[in-house]
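This briefing covers a serine site, a sheet and the nonpolar cores. Please view the sequence and structure before reading on.

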Amino acid sequence: MSFVFPLSRLLAVVAVGVLLFPGVVLFPFSADASARFYIDINAPSTPRFKIAIPDFLNLGGEAPKGVFTDPLDSIMSNDLDLSGFFEPMDKGAFLEAPGDAGNLDVTQFKNWSVIGAELLLKGGYRLEGDELEIDVKLYDVFSGRQILGKRMTGRAAGHRYLVHRLAGEIIKLLTGNEGIFQSKLAFVGTATGNKEIYVCDFDGYNPVQITRDKSIALLPRWSPDGGNILFTSYKDGGGPKLYLKEWPGGAVRRISGDAGLNIGAGWAPDGRSIALTRSGKGSPDIYLIDPKGKNIRQLTNHWGIDVSPTFSPDGSRIAFVSNRSGSPQIYVKDLRSGSEERITFEGRYNTSPSWSALDRIAYVSMQDGNFDIFAIDPDGRRLMRLTDGQGNNEDPCWSPDGRYLAFSSNRTGRYQIYMMTANGQNQKRLTSGAGEQTAPSWAP
């Protein structure tokens, strides 16, 4: 699907100054200006537009001490950079003084065109007590015309959330896609010296530790509605067991504690069933249970080891890892017919599949002694290498829209969470806390 600023849809419902919903105003824009920018979100390679984002101007009031952990313009710049569609420009190249650049309505566009800016985003904010109002205006530098205006209000302490929403509106205008800016990640962190489960914003900020078992917690997995997180833990002894944590702040309960393994769970798209590996009957096979832990049925039955199930978008198939061919490889099982087919044939060690909403399977393959991330169609076609041997790159998981991947990498010496576009471009580090961060799972 391709979009050129979806004017036909937007203009059908928007008049000048119409209040779309409380706190958000869409201002009029020009079809001539908007037609200059084209983002094909399914293209093999996406161009990045050069965007200038001056310091946001204080239009009134003073922020409570310690509330603004980062400047609002820096948060916006990081969001748009992570999207892969924009290249925020170095402020050192700006010709206007910060005060002039912060003026939302009047500007000398030649000062921006001469430095190569294609888009200009101006922002300002007002504070009254702990209430914050943010205004942004997006301009086409070449034509000197405004193409988007937005205003949002909320609590000053939630300023990052407000900026994420504004960034999402910009992405939606240019692509028709909602974006990822309000989503969250779960991951395994070792900051305490133990492996615990954490949750953070999509950009790695605001990490919150949600288990405190002083044990080994592994493989968090968000439910399709974002209300629960599965994880495997050794906290009760006797081998790994599967637990469900209600989000946010809810109880933890064990849902699979049979003898042997209870690992590697994956949610069905409807949230009514969970696939996991159990070994209580001998060789590790994949089983289906419900969220209360009730057995539904056994999905695989083989002398080999079958692990790491992940469901197709329609729930009719699973991808999983098996060593039945002599080495770990990715297989796809049709849950209706029962047929199983191997889909990976390059590489002797392929594991950790993750099935996207856009029907691609990411997985990890050992190449030249390192682990790297690849993507493939469910029928084994269109194999693509996404990482290129910088350290070990593991644990791929898709964003809810299937257009981004989060993964863990030790390319800087220790494991941290990174993200990239679905074609492997724009690889950016998200986490930087103490210890290591691995095994991300993207919330819906």
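S215 sits in the loop between β13 and β14 (217-222); helices (H or I, at least four residues) and strands (E, at least two) are DSSP runs, numbered from the N terminus. The model is predicted: local features need pLDDT of at least 70, side-chain atom pairs count only at pLDDT 80 or more, and totals for chains, interfaces and linings use all residues. Residues are numbered from 1 along each chain as its sequence is written, and side-chain values use heavy atoms, with hydrogens and water left out.

**Surroundings of S215**
- S215 has a relative accessible area of 15%, and it is therefore buried (under 20% relative accessible area, 1.4 Å probe, protein chains only).
- A polar atom of the S215 side chain lies 3.4 Å from the backbone nitrogen of K235.
- Leaving aside residues up to four places away in sequence, S215 is in contact (heavy atoms within 4.5 Å) with N194, K195, E196, S233, Y234 and K235.

**Sheet**
- Four strands form an open antiparallel sheet in the order β13-β12-β11-β34, where pairing requires at least two DSSP bridges between two strands.
- Its edge strands, β13 (208-209) and β34 (437-442), each pair on one side only.
- β11 (residues 184-189) pairs with β34 in the antiparallel sense over 4 bridges, and A186 stands opposite S441 of β34.

**Nonpolar cores**
- The largest nonpolar core (buried Ala, Val, Leu, Ile, Met, Phe, Trp, Tyr and Cys residues joined through side-chain atoms within 4.5 Å) has 46 residues, of which M76, L80, F86, L121, I134, I170 and W442 touch the most other members.
- Helix α6 (residues 159-175) gives the most to this core, contributing 8 residues.
- Another core of 12 residues lies apart from it, including I197, A217, W222 and A443.

How values were computed
Buried means under 20% relative accessible area, exposed over 50%, partly exposed in between (1.4 Å probe, protein chains only). A polar contact is a pair of N or O atoms within 3.5 Å; within protein, one must be able to donate a hydrogen and the other to accept it, and residues adjacent in sequence count only if both atoms are side-chain atoms.
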